[in-house]
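Student: I would like to go through this structure with you. Could we take it step by step?

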Amino acid sequence: TMELGGKRAARIALASTQRDLARALLAQKRAELHAELRAAFYGLLGAQARLALAEDNLALARQDADSVKHQIAAGRLAPLTATRAEIELTNARLLAVRERTELRRAQRSLAALLGNRSLKLTVVGALDILPVVPPLDMLRQSLRMAPALAAATLETTRRGAQVHVEESRRYGDLTVTAGLRYMNELRQPAGVRMVSIPLPLS
């Protein structure tokens with residue numbers, strides 16, 4: 001059987017495009033994971049910094065509250081001053097609790113990306129150093145090479161290749177058969193060959 005209508009070439013083109021698309025999708029997933037890891041890392045770094053500030057603020061609020069109590073006992077401050085100090089201390093405690101919760105959430109986010117939610121992570125870095133922004137031309141070039149854009153382009157190509165495969169199936173295949181047939185005229189068997197080509201009628 002001989003395939004007609006470019007069936008084999010269409011299948012090869014489709015398989016090649018599917019392979020390239022799989023590679024592009026893998027690159028896209030890697031880029032997405034890298035971005036998620038980067039965001040989770042700096043999220044945890046920021047949560048650590050905020051908790052440190054909240055704990056420093058709590059320590060100062062405790063010192064202020066103790067100082068106010070001593071001054072009230074010595075008669076240098078009115079008792080009403082203690083109420084304001086206690087309110088500030090309570091607010092500092094609530095802030096510290098909230099920041100600890102945010103820290104645990106940030107730790108779980110990064111640990112989940114690393115494949116182990118039970119990890120209690122601590123990261124080291126600098127929040128005051130901003131990344132260098134590349135020139136606009138370099139950003140445009142990077143956009144053209146982005147894995148997501150490459151995957152989208154290859155998906156369009158794959159669909160076109162799939163259409164070509166379906167279109168090639170409209171053409172029948174050339175079938176050649178051989179055998180023996182008894183010929184009445186010759187009164188003996190004779191070798192025969194038959195060629196059949198289906199005609200597309202639609």
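Student: Let us pick a residue, then. Is Arg159 buried or exposed?

Tutor: Arg159 counts as exposed, because its relative accessibility is 54%. Please keep in mind that this is a predicted model.

Student: Which residue does Arg159 form a salt bridge with?

Tutor: The partner is Glu155, and the closest N and O atoms are 3.0 Å apart. Both residues lie in helix α4, and because they are four residues apart, about one helical turn separates them.

Student: Why does that spacing suit a pair within a helix?

Tutor: An α-helix has 3.6 residues a turn, so residues three or four places apart point the same way.

Student: And how accessible is Glu155?

Tutor: Glu155 counts as partly exposed, at 22% relative accessibility. Glu155 also belongs to a network of salt bridges that links it with Arg158 and Arg159.

Student: How many salt bridges are there?

Tutor: The count comes to seven. One of them joins Lys29 and Glu32, with 3.9 Å between the closest N and O atoms. These two residues are three apart in helix α1, so they too are separated by about one helical turn. Lys29 is exposed, with a relative accessible area of 58%, whereas Glu32 is partly exposed at 33%.

Student: Which helices does the bridge between Arg100 and Glu55 tie together?

Tutor: The side chains of Arg100 and Glu55 meet in a salt bridge at 3.9 Å, N to O. Arg100 lies in helix α2 and Glu55 in helix α1, so the pair ties together parts that are 45 residues apart in sequence. Arg100 is partly exposed, with a relative accessible area of 31%, and Glu55 counts as partly exposed at 36%.

Student: Let us step back. What is the order of helices and strands along the chain?

Tutor: The pattern along the sequence is α-α-α-α-β-β. The chain therefore has four helices and two strands, a helix being a DSSP run of at least four residues and a strand one of at least two.

Student: How does the span of α1 compare with what one should expect?

Tutor: Helix α1 covers residues 7-73, which is 67 residues, and at 1.5 Å a residue it should span 99 Å. Its end C-alpha atoms are 97 Å apart, which agrees. After α1 comes Gly75, whose phi is positive, near 80°.

Student: Now the interior. Which residues make up the largest nonpolar core?

Tutor: That core has eleven residues, including Ala40, Leu44, Leu51, Leu103, Leu110 and Val123. Helices α1 and α2 each supply at least two of its residues, and α1 gives the most, with five. Apart from this core lies another, of nine residues, among them Ala61, Ala65, Ala85 and Ala96.

Student: What is Ala111, one of the residues of the largest core, in contact with?

Tutor: Leaving aside neighbours within four places in sequence, Ala111 is in contact with Asn116, Arg117, Leu119 and Leu121.

Student: Is Gln107 buried or exposed?

Tutor: Gln107 counts as buried, because its relative accessibility is 11%. Gln107 lies in helix α2. Beyond its neighbours within four places in sequence, Gln107 is in contact with Leu44, Lys120 and Leu121.

Student: Back to α4. What lies across from Ala161?

Tutor: The C-alpha atoms of Ala161 and Ala10 are separated by 6.7 Å, although the two are 151 residues apart along the chain. Ala161 is in helix α4 and is buried, with a relative accessible area of 8%. Outside its neighbours within four places, Ala161 is in contact with Ala13, Leu14 and Thr17.

Student: And Ser168?

Tutor: Ser168 is also found in helix α4. Ser168 is buried, with a relative accessible area of 4%. Its C-alpha atom is separated by 5.2 Å from that of Lys7, 161 residues away along the chain.

Student: What share of the contacts with a separation of 6 or more is between residues 24 or more positions apart?

Tutor: Such pairs account for 68% of those contacts.

Student: Finally, the surface. Which residues make the nonpolar patch?

Tutor: Val133, Leu136 and Leu139 make a nonpolar surface patch of about 300 Å². Leu136 lies in helix α3, residues 136-144, and counts as exposed at 52% relative accessibility. For the chain as a whole, about 15200 Å² is exposed, and carbon and sulfur atoms supply 59% of it. Of the 202 residues, 19% count as buried.

How values were computed
Residues are numbered from 1 along each chain as its sequence is written. This is a predicted model: local features need pLDDT of at least 70, side-chain atom pairs count only at pLDDT 80 or more; totals for chains, interfaces and linings use all residues. Side-chain values use heavy atoms; hydrogens and water are left out. The expected span of a helix is 1.5 Å times one less than its number of residues. Patches are made of residues with over 30% relative accessible area and no salt bridge: like charges are joined within 9 Å, nonpolar side chains (Val, Leu, Ile, Met, Phe, Trp, Tyr) within 5 Å. Accessible areas come from the Shrake-Rupley method with a 1.4 Å probe; for residues, only the protein chains shown count as cover. A salt bridge is a side-chain nitrogen of Lys or Arg within 4 Å of a carboxyl oxygen of Asp or Glu. Buried means under 20% relative accessible area, exposed over 50%, partly exposed in between (1.4 Å probe, protein chains only). Contact means heavy atoms within 4.5 Å. A nonpolar core is a set of buried Ala, Val, Leu, Ile, Met, Phe, Trp, Tyr and Cys residues joined through side-chain atoms within 4.5 Å.
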